[in-house]
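Hi everyone, thanks for coming. Let me put the structure up so that we can look at it together.

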2 protein chains.
Amino acid sequence: MQQIIRVDMLSGNASSLDLPSKYLNYGGRALTSKILSDEVPANSNPLGKNNKCVIATGLFAGSPFPCSNRCSIGAKSPLTGGIKESNVGGMVAFKLSKLNIQAVIIEEQPSESTGLYILKLEETGGHLISASEYSGYTTYSLASALKQRFGKKIGLLMIGPAGELQLSAAGIAATDLHGNPCDYAGRGGMGAVLGSKQLKAIVIDDLGIQNVSDYVDRQKFTSISKAFTRKLKETKKDLHKFGTPIEIEMSNEFGYLPTRNFSTGCFEGASKIGGEAMRQRIKERKGPGGTSCMPGCPISCKHTYVDSQSQYVTSSLEYETIALLGSNCGIDDLDAIAEMDRLCDEIGLDTMEMGAAIGVAMEADQLSFGDAKGAIALLKEIPKNTPMARIIGNGAEITGKIFGVKRVPVIKGQGMAGYDPRANKGIGVTYTTSPMGADHTAGCVTPGRKGFDHNKEYDVLKPDCQEELSLDLQVMVAILDAMGICFFVGLDTTTLKILVELHNAKYGQNIIFDNLVELGEQMLVVEHKFNLAAGKPVVERMPEFFEIEPLPPHKTVYDVRSELVITEMSNKLGLK
Amino acid sequence: MQQIIRVDMLSGNASSLDLPSKYLNYGGRALTSKILSDEVPANSNPLGKNNKCVIATGLFAGSPFPCSNRCSIGAKSPLTGGIKESNVGGMVAFKLSKLNIQAVIIEEQPSESTGLYILKLEETGGHLISASEYSGYTTYSLASALKQRFGKKIGLLMIGPAGELQLSAAGIAATDLHGNPCDYAGRGGMGAVLGSKQLKAIVIDDLGIQNVSDYVDRQKFTSISKAFTRKLKETKKDLHKFGTPIEIEMSNEFGYLPTRNFSTGCFEGASKIGGEAMRQRIKERKGPGGTSCMPGCPISCKHTYVDSQSQYVTSSLEYETIALLGSNCGIDDLDAIAEMDRLCDEIGLDTMEMGAAIGVAMEADQLSFGDAKGAIALLKEIPKNTPMARIIGNGAEITGKIFGVKRVPVIKGQGMAGYDPRANKGIGVTYTTSPMGADHTAGCVTPGRKGFDHNKEYDVLKPDCQEELSLDLQVMVAILDAMGICFFVGLDTTTLKILVELHNAKYGQNIIFDNLVELGEQMLVVEHKFNLAAGKPVVERMPEFFEIEPLPPHKTVYDVRSELVITEMSNKLGLK
């Protein structure tokens, strides 16, 4: 039987419970959102005792299906004020699945004077350990210390100083296959929530434990998975070779690469910070090749960036990080961007929110566009907890409000991902309508992407029917998130149909395609209902500047009609 | 014919137009909200070119009816993100009425490099004057300079450094009967909007002009007004004698006086900062007696606070200022509070928002409760435009978010007025449902207050039917706001019935009581619809701590059911 570990931070008690039957078909984001919706009052203060942090593995965690070990972390977000889920690769979900743990619920708060804790998860259940000696530790130092203390093979979730300071841009770091804390549940301030619970780290010790998952038809599950793995390896060669930074060149070409605080969609320095440049740089410096962020991924899109002495800097220099900390800040120096990425990882900050916030600070003349040294200094200031540190560390919206900036690229208080919605209108609809705020992962529209209707084509530059496409993709992503699967496996009906077969091979419930779609839709409904009760509308307004400032080079504004979007969302999801 | 002055800050052109017939029955807040609703896109950035600042006199401005010279100032608020109206006494409305000006609309924005402007309103219309030499001027210095330049008898609206810095807590100062800029359209950041238009001051020069208002039945109007004036003088003797600070003692007794950031409803130092203490202090120091904030007010509730040398400090040491900057900050020193009040007036800040923000900063341990010196230093820092200055100067919500504070007394981003909603539940409903955010003026519930049904009694400590009472009062206040009348004349049906007679005596439209009620309701509808289009719900959630932390001494939480409030508002106003 799958377990839930419920950790009461006030009493210090961690109890193991059988997964209640009502949660049997829920995994990943479906489970985090359902538990939050059931247990957290919508009006609770995100940093208060009534908020909870829920960590859940997907329905296929630990299985042979590729890329199925993403781990969902959910809470009411201090950044968006709504329900949030942020998922992360790394070793966590895989190890939790070996321990038979479907979810961990962190609730209540200790008194401040009791200091920090570590939660250790192992075969005998969960145990809280006093850990104030790690106060102020950055993530890499903490990972070293904890591996030394608990064994090299442990998996880790951790917060850095930013999480301890309860900054809204604080994320939760997960250790990757090599034990480096560079994978991040970055978005929405989940690190601040853990910080408010005074939980510095979660140690997962699965040493010597075998994966004993049940399958109704293990052979079928394995054979489908193997075939799918082969296909992925073939079709994702470029992603493996160049990593996600190859999208920098694409976004630049399509004219929606955020540049100098979303003031233009093309960056003259794009070729210096894209996938080709990064590959070349790593090759010259004799860095390693592509690797995976989690066990069982044949794509291996992660690349380890090394410095001029061929020393490890980071393995998480991804597209979004480069788009936001690079072009969005007018910075075309990969070494500097890698240093900023590493700094964010060490301090425990979301690189995307930091890029958006620094871009806004640049717009406010606090530093100049392109000033990499200034940006690095700003990041280094954050653990010092100065007023300026707390401004930037609380994200782009606050930074904009503090400095009276009119061009602030946020939705629901969250900095936008690396796609300008004026030249990618579909993702604009995702930003305004996702219960999560301006996440690309919530329904990533890219040119050529299709919804459930295979015959229908969409043009990212035109407003027509983008609300249909976005909602379809939001539903598809929700399904993948429930399974714990990276959306690089394919955001399309073909992939979803394979998931139906897999689900039946594992759980034997004879579900059909429509059941999966219903699951995805119901996840969105649960999340939107939480947000409505928290006073957040289903459809947010796009910041005005996107509607009135044409974006070069296409000279388009964001002109998706908000009424159409409201109607689409309300009708399809049955929300008022 | 009443005029509208439309000022285009981009072209520098100010044109006089006849009041369009569609606005003939609108005055004050009814007119500011209607024009904003007609002309400002709901999604516009409050500090951007598409926002407008509308200044309007009430329907009875310049008339013999007492207390009818309040001036409404409206815009989309940088603080609440919704539609806003803040009204102020002083000489403005009276002088505008003499110039036959019903409203002034400030629109567009000049380029930053052109610097500041003054708008001069006189018999020949409106004229923009370049005024960069006044950059950084505090309000009292500016008032002196402008009176020297344009004549002693001018009326003034001005912003201080806070408005120039476009801080969300910046208000607009109006000169009083003595030419002191201590009357404030304080709430909602109207000063920041004027700052974004680079308009430093509005000079109203009515020298030698006679009031020539038309009346269908002047004699009737005058005789009703005279009788009403006599009644006011008799019934408001205490208000005249002690001023609004007498409410400090009352609120303290009722247990809803905000104390140390809304952590308790009684302040041990209340007797040192209330109306009795203030009267005694002024008497000892041989200060002057009560005076009016505007022409034609028989109540004269303003008192001039003088220092130990009997020198003028301020004439606006009102209840709300003392409650927020005094008890809410744990400060029991009237001299210190008066100094803070004067500082806010000089810098151009809303005293209420400052009190709420400093209270939150105290909760965040940035300074201690009761630290008057620290609070004064913080206020003095604001014109220096440091990060900390911009945090405090942008109000309580931002301050709370920056420092991760869980007890932040705001609704719609605006700091609460001086009534804790746990021991005054009716005003809590006003806070959560007024289109304006947490204003007391939007529907001021106090013990014994009644709605339209005279037979119905309400208990401020009980949640029952507070949504009915609040909405009734919101409608009543809206009517008074449309007339430009101070609500001290009486927030009740008896007074409204007199207004019906007055309206008919002046305009001859034979309106009935229900027409007035309909006007008030429609004002709320117009405002809520604007907010809905801006993405703001009709009913906001009360911050969680009011729902879970019982307030001493009554040990009550805020337990008005949000669903009931939503139903009441939706049904009565026809809003979804």
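Which residue of chain A comes closest to the rotation axis? That is Pro387(A), with its C-alpha at 3.0 Å. Before going on, this is a predicted model, where local features need pLDDT of at least 70, side-chain atom pairs count only at pLDDT 80 or more, and totals for chains, interfaces and linings use all residues. Residues are numbered from 1 along each chain as its sequence is written, and chains are lettered from A and ligands numbered from 1 in the order in which they are written.

Now the axis. A turn of 180 degrees and a shift of 0.0 Å along the axis lay chain A on chain B with an RMSD of 0.0 Å, superposing by least squares on C-alpha atoms of residues with pLDDT of at least 70 in both. The two copies are thus related as by a two-fold rotation axis. The copies meet through the same surface, because 96% of the interface residues of chain A are also interface residues in chain B.

On to the inside. The largest nonpolar core has 372 residues; such a core is a set of buried Ala, Val, Leu, Ile, Met, Phe, Trp, Tyr and Cys residues joined through C-beta atoms within 7 Å, and buried means 20 or more other C-beta atoms within 10 Å of a residue's own, with C-beta atoms placed from the backbone. Among those with the most contacts inside it are Ile479(A) and Ile479(B). Leaving aside neighbours within four places in sequence, Ile479(A) is in contact with Leu496(A), Leu499(A), Leu516(A), Leu519(A) and Gly520(A), contact being C-beta atoms, placed from the backbone, within 7 Å.

Methods:
Buried ≥ 20, exposed ≤ 12 C-beta atoms within 10 Å, placed from the backbone. Contact = placed C-beta atoms within 7 Å.
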